[in-house]
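Dear colleague,

Please find the structure below, followed by a summary of what was found in it.

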Amino acid sequence: MTETPAPAVLSAALVSRAPKALLHDHLDGGLRPQTIIDLANESGYAGLPASDADALGQWFRDSADSGSLERYLETFSHTVAVMQTADQLSRVARECAIDLAADGVVYAETRFAPEQHVAGGLSLTEVIEAVLEGLRDGEAEAAAAGTPIRMVALLTAMRHAAKSDEIAELAVRYRDQGVGGFDIAGAEAGFPPSRHLSAFEYLRRENAHFTIHAGEAFGLPSIWEAIQWCGADRLGHGVRIMDDITVSDSDSADAEGEGATLGRLAAYVRDCRIPLEMCPTSNLQTGAAESIATHPISLLKDLRFRVTINTDNRLMSGTSMSREMQLLVDEAGWTLDDLRWATINAMKSAFIPFDERLAIIEHVVKPGYAALSAAT
Ligand SMILES: O=c1[nH]cnc2c1ncn2[C@@H]1O[C@H](CO)[C@@H](O)[C@H]1O
Ligand SMILES: [Zn+2]
């Protein structure tokens, strides 16, 4: 009798070398702990809950681990507090690009809400320009270090606030200067995407791209509004699309997803290839999923939804793209081919022009994975 050999578990060294594409990363959720401390000391912000980097990093991870999106979001008050001057914003953006590049990320969209960075007297445009400058500097440094990365900013409007029209206009104004699109974020329950319909209608008139955080802390109605009412190009998280998928008996969907039945909304999302910006560790912390092994991302992969892997908030989750990928390999059986597929999915869904996406897929992602396959 011949036994099928168990697939080789991918080593951390290999996963860290894999080319990665990241669509869902919050700039204010990815600061280095030491940078927060430096910036707090320089600016006189006295509210930090810890004064050494290790303890502060731990504090963010623990506090974000509450099982509630609302409490998770409270931790951002400390990062936002030290992102109120042009120098602070540029430094954080520069380090974001460098850290992602060092992790093997070759393309990343990082998002932030300009309206949260005006407490120190900056205008919205000064906030955006400071971030864009930092991203350009970070790209240049990463290239010089031999780890080139393309960085794009997304402008977020906070869903509980009333600034989305203005932020959407800025996303259009800065479209050719490093801003790829628009997003809404913040507490989901009680703040449906349709509250910001005029911003989305404006963006569509302008042929601009946007994604919407939906289906994270709230279910199908939020996803339905985001897609069918607001016209979102992509879904931030979208993990609750599972509520519209029936698996005949527990865990019975096999590797091809046989045994699963899609409702109308889930079928629409799959048929239209609507990208899902999935963030496994973040979902465990906010209670949107129970474990990596049972996270819907694997079933959705098997069902061939357009799944992408993302970090959400590297600081609050103590994570990186390599870590998210490694967890899927170790705890949910993902293969190198699966990681390559998710990376190409992300590049196909990026908010940059088609020819530029294709160039990264053909000249960076595919050769990178081919070299790794040859090495396994
Ligand atoms: O997973 C999330 N769901 C909803 N909102 C989020 C998430 N992560 C971060 N933010 C919110 O987005 C703002 C801009 O980056 C952050 O300040 C945070 O309030
Ligand atoms: Zn997010």
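The second largest cavity has a lining of three nonpolar, two polar and three charged residues (Ala, Val, Leu, Ile, Met, Phe, Trp, Tyr, Cys and Pro count as nonpolar, Asp, Glu, Lys and Arg as charged, and the others, Gly among them, as polar). A cavity here is a set of points on a 1 Å grid over the protein atoms alone where a 1.4 Å probe fits but cannot get out, and lining residues have an atom within 4 Å of a point. Helix H6 (residues 86-102) gives the most to this lining, with four residues; helices are DSSP runs of at least four residues and strands of at least two, numbered from the N terminus.

This is a predicted model, in which local features need pLDDT of at least 70 and side-chain atom pairs count only at pLDDT 80 or more, while totals for chains, interfaces and linings use all residues. Residues are numbered from 1 along each chain as written, chains are lettered from A and ligands numbered from 1 in the order written, and side-chain values use heavy atoms, without hydrogens and water.

The zinc ion (ligand 2) has as protein donors His24 (NE2), His26 (NE2), His213 (NE2) and Asp312 (OD), 2.1 to 2.2 Å away; donors are N, O and S atoms within 2.8 Å of the metal (3.2 Å for Na, K and Ca). His26 lies in strand E1 (residues 20-26) and His213 in strand E5 (residues 210-214), so the pair ties together parts 187 residues apart in sequence.

Yours sincerely
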